[in-house]
Amino acid sequence: MTVDPAIVLAAGPWTHRMVAANGGRFHLALAGPDDGDAPLVVLLHAFPQFWWAWRAQLPALATAGYRVAAMDLRGYAGSDKPPSGHDTPSMVADVRGVIRSLGASDAVVIGHGLGGQVAWSMPAIAPEVTRAIAVLGAPHPVPLHTPSVRVTPAGTLATLAKFQVPWFPERSFTRSDGVARLLRAWGAPGWEPESVELYTQAMQLPFVAHSAMEQLRWSLRSTPRVDGQQYRAQVTTGIGVPVLSVRGSADPVFSSSSYRRDGDYTHARYSRVTIDGAGHWLPEEAPEEVSELLIGWLDELE
């Protein structure tokens, strides 16, 4: 099955650019002023998506005066797909490098799902480039990486457990309807067939499905290992930058109780918002609400 790599370069009110960072090359969709004076906002997508998930927020934030970069995480879409480095700290280093490659001293990092775990980790691992963070559909990583703490619903754990076996999860995402089933199971009704097909094709690009699964596998398998313990110790450090957390009231991936300890790790302004009726895929299920929330919060950082 051959998929044209150009499918991830959809045209729109943005430009596409490859930048070098952390020993790799990363694809960005860029919008907004490029004069160096506008604040930089970096958008990080969820599994199993890519930058396209932020197509509504890119022009909205740019119109509000922000320089916006929607990034394909390592292993996804147009970015490099290395055989290793599927851990969260490596992805944090990628984002740090991208910010520097764009010529910015710092950025506001906004992440959704998997990208939200990277965003949560930025203030601890890359504080020098992290001005503030916003997380969508993503509780703080410490409870998630603590075996004695249960914050993940049983259904989500069951899905993640299925992804731990080799080969079969990748096959379901590349040769079957695994992407479509996950998008619909974790979201509210109303997915556009075109978007489902685009995410399915992007997952069929060489090495993408394996990279994505390895990142999810690391999040579970690393918990008892030394690398997981070191990561948990790093992100236990209190967050000293403003934090916005957004969840959908109909999100089956994480319940409201999954977020109950997030405030324990924030030492600056912490805001939490719930969008009624939205599932896990907030940037696409509630594009206008998400854009308005982010712009209002970003403007308050000025």
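Me: What makes α2 roughly perpendicular to α3?
Reply: In this predicted model, the axes of α2 and helix α3 (residues 114-125) cross at roughly 75° and come within 9 Å. Angles of 65 to 115 degrees count as roughly perpendicular, and α2 is therefore placed in that class relative to α3.

Me: Which residues make the contact of α2 and α3?
Reply: On the α2 side they are Thr88, Pro89, Met91, Val92, Val95, Arg96 and Ile99. Helix α3 contributes Leu114, Gln117, Val118, Ser121, Met122 and Ile125. By class, the residues of this contact of α2 with α3 are nine nonpolar, three polar and one charged.

Me: Why are α3 and α10 described as roughly perpendicular to each other?
Reply: Helix α10 (residues 226-235) packs on α3 at an angle of about 70°, and their axes are 8 Å apart. An angle from 65 to 115 degrees counts as roughly perpendicular, and the term therefore applies to α3 and α10.

Me: Which residues of α3 and α10 meet?
Reply: Gln117, Ser121, Ala124 and Ile125 of α3 meet Tyr231, Gln234 and Val235 of α10. Four residues of the contact of α3 with α10 are nonpolar, three are polar and none is charged.

Me: Why is α7 called oblique to α8?
Reply: Helix α7 (residues 178-186) and helix α8 (residues 193-203) have axes that cross at roughly 130° and come within 9 Å. An angle counts as roughly perpendicular from 65 to 115 degrees and as roughly antiparallel over 145. The crossing angle of roughly 130° falls under neither heading, and α7 is therefore oblique to α8.

Me: What is the handedness of the crossing of α7 and α8, and which residues meet there?
Reply: The crossing of α7 and α8 is right-handed. Val179, Ala180, Leu183 and Arg184 in α7 meet Val196, Tyr199, Thr200 and Met203 in α8. The contact of α7 with α8 is formed by six nonpolar residues, one polar residue and one charged residue.

Me: How do you know which strands stand at the edges of the sheet?
Reply: The open sheet has eight strands in the order β1-β2-β4-β3-β5-β6-β7-β8, and its pairing is mixed. β1 (15-21) and β8 (270-275) each have a single partner strand, so one side of each has no neighbour in the sheet, and these two strands stand at the edges. From one strand to the next, the twist averages 25°.

Me: Why do β1 and β2 count as paired, and how do they run?
Reply: Two strands pair if at least two bridges are found between them. Seven bridges join β1 to β2, and the two strands run antiparallel. Threonine 15 stands opposite leucine 30 in β2. β1 and β2 form a hairpin with two residues between them, and asparagine 22 in the turn has a positive phi of about 50°.

Me: What makes β2 and β4 a pair?
Reply: The requirement is at least two bridges, and four bridges join strand β2 (residues 24-31) to strand β4 (residues 67-71), which run antiparallel. Leucine 30 has alanine 69 as its bridge partner in β4.

Me: Which helices lie across strands of the sheet?
Reply: Helix α2 (residues 88-101) lies across β1, β2, β3 (40-44), β4 and β5 (107-112), and runs at about 115° to β1. Helix α12 (residues 287-301) lies across β3, β5, β6 (130-136), β7 (243-248) and β8, running at about 160° to β6.

Me: How do you know that the peptide bond from phenylalanine 47 to proline 48 is cis?
Reply: The omega of this bond is near 5°. Proline 48 is located in the loop between β3 and α1 (57-63).

Me: What is noted about the phi of alanine 77, and where is this residue?
Reply: Alanine 77 is not a glycine, yet its phi is positive, at about 45°. Alanine 77 is found in the loop between β4 and α2.

Me: Why is the protein called as compact as a globular protein of its length?
Reply: The protein comprises 12 helices and eight strands. Its radius of gyration is 18 Å, and the globule rule gives 19 Å for 302 residues; the two values are close, so the protein is as compact as a globular protein of that length. Along the principal axes, the C-alpha atoms fill a box of roughly 45 × 45 × 40 Å.

Methods
Residues are numbered from 1 along each chain as its sequence is written. This is a predicted model: local features need pLDDT of at least 70, side-chain atom pairs count only at pLDDT 80 or more; totals for chains, interfaces and linings use all residues. Side-chain values use heavy atoms; hydrogens and water are left out. Axes are lines fitted to C-alpha atoms, for helices over the stretch in contact, and angles run from 0 to 180 degrees between N-to-C directions. Angles under 35 degrees count as roughly parallel, over 145 as roughly antiparallel, 65 to 115 as roughly perpendicular and the rest as oblique. A crossing is left-handed if the near helix is turned anticlockwise from the far one by less than a right angle, and right-handed if clockwise. Contact means heavy atoms within 4.5 Å. Ala, Val, Leu, Ile, Met, Phe, Trp, Tyr, Cys and Pro count as nonpolar, Asp, Glu, Lys and Arg as charged, and the others, Gly among them, as polar. The radius of gyration is taken over C-alpha atoms; the globule rule is 2.2 Å times the number of residues to the power 0.38.
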